[in-house]
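Visitor: I should like a close look at a single part of this structure, namely a sheet and what packs on it. Please describe how its strands are arranged.

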Protein chains: 2
Amino acid sequence: MTDDVQGLTVAVLGGTGDQGEGLASRFARAGLPVLIGSRSIDRAEKAAAELNAALGTEPAVRGLVNADAASQANLVIVAVPWEGHAATLQSLSTELAGKIVVDCVNPLGFDARGAFALPVPEGSAAEQAAALLPDSRVVAAFHHVSAVLLADPAITSFDLDVLVLGDDREATDTVQALAGLIPGMRGLYAGRLRNARQVEALTANLISINRRYKAHAGLRITDV
Amino acid sequence: MTDDVQGLTVAVLGGTGDQGEGLASRFARAGLPVLIGSRSIDRAEKAAAELNAALGTEPAVRGLVNADAASQANLVIVAVPWEGHAATLQSLSTELAGKIVVDCVNPLGFDARGAFALPVPEGSAAEQAAALLPDSRVVAAFHHVSAVLLADPAITSFDLDVLVLGDDREATDTVQALAGLIPGMRGLYAGRLRNARQVEALTANLISINRRYKAHAGLRITDV
């Protein structure tokens, strides 16, 4: 574990959803203390108990309501559904102040022709987070990680680069190191928050690729 | 050469620009007849003569004004600057009718903080092309190919997947096969035109990656 992430306690808001729970389990496996946040303490505790049973070691994951998870963590991953994104963050601005907030939310719609990017007034989910959390250090990352692969205990390595975006160099460095804790993943700096929209929206293209090729597509950046 | 692209004559509008000339040279090397289109016949003929000299075989590239290049080709690549995109296509709608039109234009702005995606009323350059060319078969592709690498004769293979987007399956199949003519490149279907915006805009992220890592970054899609 690199110095950047040693000693971090990671909270995952929306940690009972597929993406959130998958990321929580992988960070717990990497040896970090993890807090699963949910609107419901019952769901949070149930998800934490399941993850601890699956991990099979001493309890590394705790379930809390979102506000407590946010308060007790140093770094907070936002994996809530897009529909609840703005309201959840607005309600937690105090708890999230001064912390690294990693937004991995993809504002997508779905219809008969597949997935498509939804318009976001602030430009992107990450920029919405930055607007609602002026005292937090907002980073965008982990958009393209397949929830199916995260949830599959047989998958022990991921063929994937995690694009990390943000305007705070120390914060993006930390999140790159965090991504690097998951075997196979590499965290790469990929621009400022103003360029987060297309990274979020590209998830719609990966869904199209998955459909066409029956795959769980990921991205690798070449020549880096 | 696959059946899909055998016998194609490819025109490159804006073929005297870096991206256009680079693509033209690679398709000529792959054995296709290539027409370089420009607003200026002098610049088109000069670029064609340079490419033919560099290729060192019998003349495979001809220089023409954009309208003649569009008329004489089966497949037309649009590599004009974003500033001239709408006007150029509008003026060529007759010549481009019935043809596969491959848009590789990235609507980007640049300032002291780097590159960023410009807003496009139609959503993307490709959707603008489709709106202006209702009788053409518009495909989006080749956004992320480094013009520097294309222009470098020492580069004989590209570590890159070309994301191909469109609503016409036969046309996207053809463009995938076209991408596959360039050594190392693989053409992958990556969604409908409505999801082209983020693929175009992602070029801004690749530019950020290039700056940070001193690279010529490309994309590979994993698990496909």
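Guide: In this predicted model, a suitable place to begin is a single pair of residues: Leu13(A) has Gly37(A) in β2(A) as its bridge partner. The two strands concerned are β1 (residues 10-13) and β2 (residues 34-38) of chain A, which run parallel and are joined by 4 bridges. In general, the strands of a sheet pair through backbone hydrogen bonds, in either a parallel or an antiparallel manner.

This pair belongs to an open sheet of 8 strands in chain A, with the order β3-β2-β1-β4-β5-β8-β9-β10 and mixed pairing. At its edges stand β3 (61-65) and β10 (185-189) of chain A; each has a single partner strand, so one side of each is left without a neighbour in the sheet. On average, and with direction ignored, neighbouring strands of this sheet are turned by 25° against each other.

Helices of chain A also pack here. Helix α1 (residues 18-29) of chain A lies across β1, β2, β3 and β4 (75-78) of chain A. With respect to β2(A), the helix α1 of chain A runs at about 165°. Helix α6 (residues 125-132) of chain A packs on the sheet as well, where it touches β5 (100-103) and β8 (137-140) of chain A. The direction of α6 of chain A makes about 175° with that of β8(A).

Notes
Residues are numbered from 1 along each chain as its sequence is written. Chains are lettered from A and ligands numbered from 1 in the order in which they are written. This is a predicted model: local features need pLDDT of at least 70, side-chain atom pairs count only at pLDDT 80 or more; totals for chains, interfaces and linings use all residues. Side-chain values use heavy atoms; hydrogens and water are left out. Two strands pair if DSSP finds at least two bridges between them. Axes are lines fitted to C-alpha atoms, for helices over the stretch in contact, and angles run from 0 to 180 degrees between N-to-C directions. Contact means heavy atoms within 4.5 Å.
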